[in-house]
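Below is a short report on the local geometry and packing of one protein chain. Please read it alongside the coordinates.

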Amino acid sequence: MDIDAVIKRNPVIPVVVLDDAKDAGALADALLAGGITTAEVTFRTTAAASAIAQMSQHSDILVGAGTVTNLDQARTAVDSGAKYLVMPGYNQDIVDYCQANKVPVLPGATDASWLMKALNSGLRYVKFFPAEASGGLPVISALSGPFPQMQFVPTGGISIENLAQYLAHPQVAACGGSWIATRQLIAQGDFSEITARAAATLEIAATR
């Protein structure tokens, strides 16, 4: 599987923070019930590796690791079952590791210099983060001119309110966001609301 196949599974990638790995299975079920078949579990808590391992036991959901900032995290994530890695910025060591081990990788890049570095490494998809704080769609449009071969996955400030506008851009391949499975909803065990948000999100995405 390559990053193209990962992104084509869903036009929206839920970015989730799990404080307790015991919630991983219920989260996977909730997302699948709403039609979403992938999730990015962030390395922002000590439960991340265990949560990835548990979610990976659900064969119908493709689990990735997010907020991967160093090589040790990358190795731990892959060993735990992560099928793709997402970085908030660009780290060549992680890119090299992923390419050597055939792991799809989505590095962060928000300016021309990092996009050139990504292209030089043979990458055609980047995470545009933090999307809204970095200028949002106007900046993506400006960068699309000199980089017509690059596809963007905006994350950060994306919500159900502006999702359709982002997905309408021809060089936006997908969007990442935390509104579907918020940290609070997971902690409260409100998985029915997560399912409802997943379904509502895909309804909007279907109009792209």
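The report covers the sheet, one helix, the largest pocket, two buried residues and some backbone angles.

This is a predicted model, in which local features need pLDDT of at least 70 and side-chain atom pairs count only at pLDDT 80 or more, while totals for chains, interfaces and linings use all residues. Residues are numbered from 1 along each chain as its sequence is written, and side-chain values use heavy atoms, with hydrogens and water left out.

**Sheet.** Helices (H or I, at least four residues) and strands (E, at least two) are DSSP runs, numbered from the N terminus. Six strands make up an open sheet with parallel pairing, in the order β5-β4-β3-β2-β1-β8. The edge positions belong to β5 (105–106) and β8 (175–177), each of which has a single partner strand, so one side of each has no neighbour in the sheet. Strands count as paired if DSSP finds at least two bridges between them. Strand β2 (residues 38–42) runs parallel to β3 and is joined to it by five bridges; Thr38, for instance, has Leu62 in β3 as its bridge partner.

**Helix α4.** Buried means under 20% relative accessible area, exposed over 50%, and partly exposed in between (1.4 Å probe, protein chains only). In α4 (residues 71–80), the buried residues are Gln73, Ala74, Ala77 and Ser80. Viewed down the axis of α4, these buried residues fall within an arc of 135°, so they line one face of the helix. The arc is taken from the directions from the helix axis to the C-beta atoms. Asp72 and Asp79 are exposed on the other side of α4. With contact meaning heavy atoms within 4.5 Å, the buried residues of α4 pack against α3 (48–55), β3 (62–66), β4 (84–86) and α5 (92–100). At the N-terminal end, Asn70 caps α4, with a side-chain oxygen 3.2 Å from the backbone nitrogen of Asp72. Gly81, which follows α4, has a positive phi near 115°.

**Two buried residues.** Val6 lies in helix α1 and is buried, at a relative accessible area of 1%. Leaving aside residues up to four places away in sequence, Val6 touches Met1, Leu62, Tyr84 and Pro104. The C-alpha atoms of Val6 and Val105 are 9.8 Å apart, although 99 residues separate them along the chain.

Tyr90, in the loop between β4 and α5, is buried with a relative accessible area of 13%. Beyond four places in sequence, the residues it touches include Val95, Pro107, Trp114 and Leu123. From Tyr90 to Trp114 the C-alpha distance is 7.2 Å, with their positions 24 residues apart in sequence.

**Backbone angles.** Most residues other than glycine have a negative phi, and most peptide bonds are trans. The table lists two residues with positive phi.

| Residue | Phi | Loop | Relative accessible area |
|---|---|---|---|
| Thr67 | near 55° | between β3 and α4 | 17%, buried |
| Lys102 | near 55° | between α5 and β5 | 72%, exposed |

In addition, the peptide bond joining Phe129 and Pro130 is cis, with omega about -10°. Pro130 is placed in the loop between β6 (125–128) and α7 (136–144).

Notes
Polar contact = N/O pair within 3.5 Å; in protein donor to acceptor, adjacent residues only side chain to side chain.
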